[in-house]
Every structure is written in C-alpha cells, then in structure tokens.
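Grab a pencil and work through these exercises on strands, pairing and a chain-to-chain contact. Each one comes with a solution in steps.

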Amino acid sequence: MTLWEMSVSGGILILVILAARRLFQNRLPGSTFLILWMVALLRLLVPWYVEAPFSVYTLWESSGIADGFEKAAGSLTSKDRSVSDSGERDGGFSGQEAENGMGNSFREGTESAAGETENGTVSGELLCFRGAAGLSLPKLLWLSGGLICAGFYLTAYLKYRRLFRVSLPAEDPAVREWLQSVTMKRKLQVRSLDLIATPMTYGVLRPVILLPKGIQWEDARQMKFVLTHELIHIRRFDAVWKFMLVAAVCIHWFNPLVWLMQILANRDLELACDEKVVEQFGQDARRAYAMSLISLAGHNDSRISWGSGFSKDAMEERIAAIMKKKRFTVGSFAGAGILVMFVAVLFAASLLQKTAGENVGAAEEEKDNRILTETEEIKEGSRILAQTEPAAADKVPDLEQFSHSDGMVLLPLPKKNPTDLSEGIDSETVWEGEPREKEPFVLFLKNISRSPEFPEYENYGLVYDEENAHFLYEGEIVGYFKDEMGPNQFRRFTDEEGAVEIVVERDKSWNMTGFAVNRMEEKQ
Amino acid sequence: MEVKLFDSELKVMDVLWREGDATAKYISEVLRDEVGWNKNTTYTLIKRCMKKGAIERLEPNFMCRALIPKEEVQEAETEELINKIYDGSADKLFAALLNRRKFSREEICRLKQLVEDLE
C-alpha cells in the first residue's frame with residue numbers, strides 16, 4: 001500500500017465524515033463522530049491491508065499455479081508445443097506472464113492465443129501502474145515535509161512540557177476536595193500555573209489537570225464543571241487522540257483534508273466531552289455550563305478580536321452543541337450505528353481494493369533487479385530457462401517467441417480478462433514430452449542447483465542428484481517443484497519420474513520458511 | 001531595585017526567605033517534597049532567579065542567598081507570555097478547556113445571546 005493510496009482513501013473517508021458531520025452534528029451522540037474519525041485515522045496511519053481470502057488477486061493466483069500446472073502438463077501433446085527461446089529475448093517473457101496472461105483453460109488458450117494476445121497487455125499495464133511511487137524525489141520531498149512538520153510539533157510539545165513542569169500544586173481547598181472524590185487507577189494531580197489562561201490537561205500515564213493561577217470561580221458548580229470536563233478528557237485518553245491526529249498530519253502533510261480533520265476532530269473531542277459533562281450534571285445544567293465556558297473565556301476591553309474567525313466559529317458551534325443536544329433516543333443511536341457501519345464498510349472496501357494494489361506494486365518494484373540477475377543465469381543455461389525467469393510485465397508475449405522446440409512449452413495465453421476466474425486454471429510454463437533425454441532440461445535442473453536459492457532449498461532437505469538429473473526429497477524424486485521467489489516470479493518444473501510435489505513456502509518478505517510437501521497422485 | 005518573578009520563581013525565593021541561605025541541593029529537596037519538582041526543574045529556576053538578580057550564588061556547594069526581600073518582588077506580568085503561548089498549537093497537543101483566550105465584549109454578548117436563544 002502506498003502512502004498515496006492511504007492518503008486518497010483516507011481523504012475520501014474524511015469527506016464522508018465531513019458530510020455526516022454537517023448533516024447530523026447535533027443529532028447524534030458526539031462519540032459517533034469520534035468513532036468515524038478513528039476509522040479515518042486508521043486508514044491514514046496503518047499501512048496494512050487485509051489478506052482477504054476473497055480478494056480477486058489471491059483467487060487468481062492460487063488457482064493459476066499448482067492446479068493449472070498439472071492439468072496443463074497433462075493435456076499437452078507434442079504437436080501443440082510452442083517453445084520459447086527465452087535466452088535470446090533478454091528476459092522478456094517469463095513464467096509470470098504466463099501466470100498473468102493465461103486465464104483460460106490451457107486447451108482453449110492454445111488455439112486462440114493469437115487473438116487474445118493483446119489482452120495480455122491489460123495485466124502488463126496493471127503491473128506498471130504504480131512505478132512512480134518508487135521515485136526518490138517525491139519521496140524525499142515527502143520525507144522532508146513530514147520531518148519539518150514533526151519537528152514543529154515536537155518543539156512545541158517540548159516547549160509546553162517544559163513550561164508545565166514548573167506548575168505548583170493547586171491550593172484551593174475546594175479543588176483538593178474534588179480531587180479526593182475522584183477514583184481512578186492513574187494518579188491524578190491538579191496543579192496551578194501562572195503561564196496559562198485556560199484549564200488544560202496533559203500526561204497520559206500520570207495525568208495532570210492544570211489550572212490557571214488564581215482562576216476565579218463564580219461558584220462551586222463552575223469549578224466542578226471545569227474539573228469534570230478535564231477529567232473526562234483524561235479518562236478518554238484524549239491526549240492519545242491528539243497525538244494520533246498530529247501523526248496523521250505529519251505523515252499526510254500534503255493532504256489538506258487531513259489538516260481539516262485535525263481541526264475538526266479536535267473540536268469534536270471537545271464537543272463529545274461537553275456532552276458527557278451535561279450528561280453527568282443533567283440537562284438542566286446546560287445553560288449554566290455554557291455560561292461558565294463563556295465567562296471563563298474572559299474578555300478584553302478592546303473591541304478587537306484576538307483569535308481568528310475560525311476559533312470564534314468553534315466557540316459558537318460549541319455553545320450551540322451544548323444547548324441543542326437533547327437526550328438521545330433509540331433512533332439516534334440506531335442512526336449513529338448505521339452511519340458508523342457505512343463508514344466502516346467504506347474502510348473495509350479500501351482495504352480489499354488495496355490488496356491487489358499492494359501485490360502488483362511490489363512486483364513492479366522488484367522486477368528490474370530480478371531481470372538482471374536471472375537473465376544471466378538464463379543465458380548460461382542456454383535457452384530453456386524461461387521458468388526461472390522473472391516477470392517482465394512490460395513485454396507482452398507473442399506467438400513468434402514460442403516457435404522453437406526444445407522440449408519446453410511456453411504458452412503465454414492471455415486471459416480474456418485478468419480478473420476472469422471462471423476457469424480457475426491457468427496454463428503454465430512446463431516441461432513435457434521426454435525431458436530425460438533432453439539436455440536442456442538437465443541443464444535447467446543443474447542451473448537450479450547452482451542458483452543462489454539452492455543452498456536454502458538444501459537446508460530444507462532438497463538434494464540434487466547430478467548423475468541422474470533429479471531433485472530428491474527424502475530420497476524420492478521430486479516430480480513437481482514450485483517456488484514463488486518474489487511477487488509473480490516463479491521457478492518451477494515437473495519431472496515425470498517424480499512423485500513428490502514441493503511448493504516452497506515464503507513469508508511476506510519472501511524469506512523462505514519451508515516446503516509444502518505432497519505426494520502426487522497417479523496421473524491419469 | 002524591582003524584580004519581577006513568575007510564580008515558580010517565587011516558590012524558589014520562598015524557600016530562601018523562609019529558611020535563609022541554602023544550597024541548591026537543599027532547595028531542590030525541599031521543593032521536590034513540597035511541589036513535586038525534579039532537581040533539574042529547580043536548578044533551572046534558580047539560574048533564572050540569578051539572572052534576574054534575585055539570587056546570588058556563593059561557593060562552596062552552590063550556596064544560594066536571596067538578594068532581595070519579599071516586599072520588593074512583584075509578580076511578573078504574564079499576559080504577554082500567555083498570549084504568545086496561545087499563538088502556538090497548544091490545543092492541538094493538549095486538551096484545553098477553551099482554545100482561545102479572550103473575546104471582545106461584543107462577542108461575549110453574542111455568545112450569551114446564543115445561549116438565551118437556544119434555551
């Protein structure tokens with residue numbers, strides 16, 4: 001998943017939330033919007049995608065490899081052979097193309113290959129479409145922007161924390177009494193500071209409510225309003241929220257919607273907090289609470305406004321929210337539920353959609369490297385090593401490339417549609433016929449035994465019997481071998497004499513984790 | 001001489017006024033127990049007081065002496081500083097009751113009217 005994709009799908013979520021906020025702001029519980037912002041934050045901050053069992057890509061791939069291979073091998077006759085002399089094509093064609101290009105059943109494909117070739121470009125383009133993400137200049141730009149942003153917030157944070165350090169314990173007996181009545185696992189302090197103008201809280205594990213020095217309470221109730229408000233912030237870990245919003249802004253600094261989210265989500269934190277205060281003190285307290293806030297804001301004698309228009313609007317929005325919100329009915333909770341579900345579905349959709357994008361992108365990134373290294377290997381092993389050749393998405397196979405015969409059949413038959421899963425079987429790059437007599441096959445196996453991956457295979461028990469030109473596993477001849485070495489880069493062969501099927505297992509970063517071993521059933 | 005000190009600096013001076021000359025270490029221990037500051041915080045404040053001419057340092061052992069009596073000290077004006085602080089991103093980083101310091105009389109009236117209207 002690229003940052004860009006995260007930013008775009010996150011941005012879409014933000015737009016939806018903005019609309020929802022505008023439509024339902026004072027009609028739904030405040031926590032509704034917090035949940036929605038959380039969803040957007042998740043999308044923006046967490047690069048995972050779901051390993052969706054139903055993803056188009058996964059299905060396509062799993063159906064294409066082992067099954068397709070077996071059937072393809074079995075169904076071929078020597079007349080149908082088209083062979084690739086891949087050595088001459090500097091890595092142009094590969095098993096991966098076969099993978100991507102061949103959607104239809106093997107037999108069908110053989111006959112109609114020419115007509116469908118151009119469809120093969122569809123998958124080729126798909127693979128190329130994300131190449132720009134790897135460029136270093138945009139990356140550099142993004143990184144420096146993010147660092148500047150993070151630096152700004154970090155400096156500000158440290159400055160404030162240094163400032164807060166010199167606070168003194170609150171001495172107001174009423175405040176101390178209130179503090180006694182609070183039960184919380186974390187140790188709560190109320191302190192006073194002469195350098196702030198409005199009550200604040202900081203600290204997550206050792207939370208502190210900071211009051212401006214000499215704050216003049218109009219009455220005991222106002223003090224309780226304020227302290228309760230701050231306590232709710234602490235109980236809800238709003239500091240963590242704010243941190244995540246800052247992180248989102250630093251990472252997605254180029255996305256204005258994320259900045260807007262930071263402002264509005266911060267406001268919603270306050271609104272949700274106000275709502276909770278009113279809930280605790282009762283609906284009758286709404287007026288007193290709103291008036292408390294206004295009086296605490298204080299006023300200056302000048303008629304010039306200090307803050308920006310934006311924060312004035314925020315205050316109005318807040319007063320309106322406090323006054324307008326009625327008790328929520330079952331209906332409003334249901335509405336909230338539906339809204340959250342809707343956004344959650346959007347979120348989930350973005351995850352699934354990105355699953356394919358992820359794999360495709362990764363394939364693209366590694367393509368060039370692979371071609372370089374593998375091509376040498378191929379040339380050395382003369383001309384039959386198409387199977388070890390990596391993906392080359394930008395080259396579309398055409399039939400001419402398969403007109404030689406070396407005991408090897410390469411059938412890059414394109415799918416009509418890359419997402420067409422109906423057949424569930426792909427044709428493959430295979431050896432068939434009498435491979436034992438074919439020197440190229442022997443060379444091919446030999447090449448594998450000299451490949452950089454072979455020592456790894458050996459670790460897991462694969463042995464090369466050079467004399468008889470077989471790979472052995474636990475003393476048995478390996479009949480089918482497959483290793484997906486990278487995104488869409490396959491190495492595989494069949495050995496007619498073998499009965500063990502080995503599929504190399506690799507983790508997400510393509511590190512080998514073992515073999516999946518199967519005894520093959522008798523072929524019909 | 002008139003010295004303007006912030007609350008925290010006054011707290012440091014309080015110790016000296018109360019207990020006479022004391023080492024920085026002693027002051028920091030007193031304040032740790034009284035107000036929960038760590039050693040570095042207290043040392044920083046002592047240095048600030050020295051800069052403002054409220055404390056003089058005597059060797060050995062970083063002995064501190066108050067240079068001015070309690071009566072001559074004024075509370076520093078914090079207004080300007082507070083406004084500067086609110087220029088920053090305090091409300092993006094910390095939960096603040098209000099994200100804005102002051103309103104003009106006009107705005108206050110409008111907000112109060114809003115409450116009345118909505119009730």
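**Exercise 1.** Find the residue that stands opposite A:Met200 in strand 4 of chain A, and work out how strands 3 and 4 of chain A run.

*Solution.* Step one: A:Met200 faces A:Leu210 in strand 4 of chain A. Step two: strand 3 (residues 200–202) and strand 4 (residues 208–212) of chain A are antiparallel, joined by three bridges. Strands here are DSSP runs of E with at least two residues, helices are H or I runs of at least four, and both are numbered from the N terminus; two strands pair if DSSP finds at least two bridges between them. Step three: look at the hairpin of these two strands, with five residues between them, where A:Gly203 has a positive phi near 90°.

Before going on, keep in mind that this is a predicted model: local features need pLDDT of at least 70, side-chain atom pairs count only at pLDDT 80 or more, and totals for chains, interfaces and linings use all residues. Residues are numbered from 1 along each chain as its sequence is written, while chains are lettered from A and ligands numbered from 1 in the order in which they are written.

**Exercise 2.** Is strand 4 of chain A covered on one face or both?

*Solution.* Start with the rule: in a regular strand, side chains alternate between the two faces of the sheet. Now split the strand: A:Val208, A:Leu210 and A:Pro212 lie on one side, A:Ile209 and A:Leu211 on the other, and all are buried, so to speak, on both faces (buried means 20 or more other C-beta atoms within 10 Å of the residue's own, exposed 12 or fewer, partly exposed in between, with C-beta atoms placed from the backbone). Finally, check the other neighbour: strand 2 (residues 189–193) of chain A runs parallel to strand 4 of chain A over five bridges, with A:Ser192 opposite A:Leu211.

**Exercise 3.** Which strand of chain B pairs with strand 3 of chain A?

*Solution.* Strand 6 of chain B does, in the antiparallel sense over two bridges. For a residue pair, take A:Met200, which stands opposite B:Ala96. Then zoom out: 40 residues of chain B are in contact with 53 residues of chain A (C-beta atoms, placed from the backbone, within 7 Å). Helix 6 of chain B gives the most to its side, nine residues.

**Exercise 4.** Why is strand 10 (residues 476–486) of chain A largely enclosed?

*Solution.* Count first: eight of its 11 residues are buried, so the rest of the structure largely encloses the strand. Next, list partners: strand 11 of chain A is antiparallel to it over six bridges, and strand 12 of chain A is parallel over four.

Methods:
Two residues are in contact if their C-beta atoms, placed from the backbone, lie within 7 Å.
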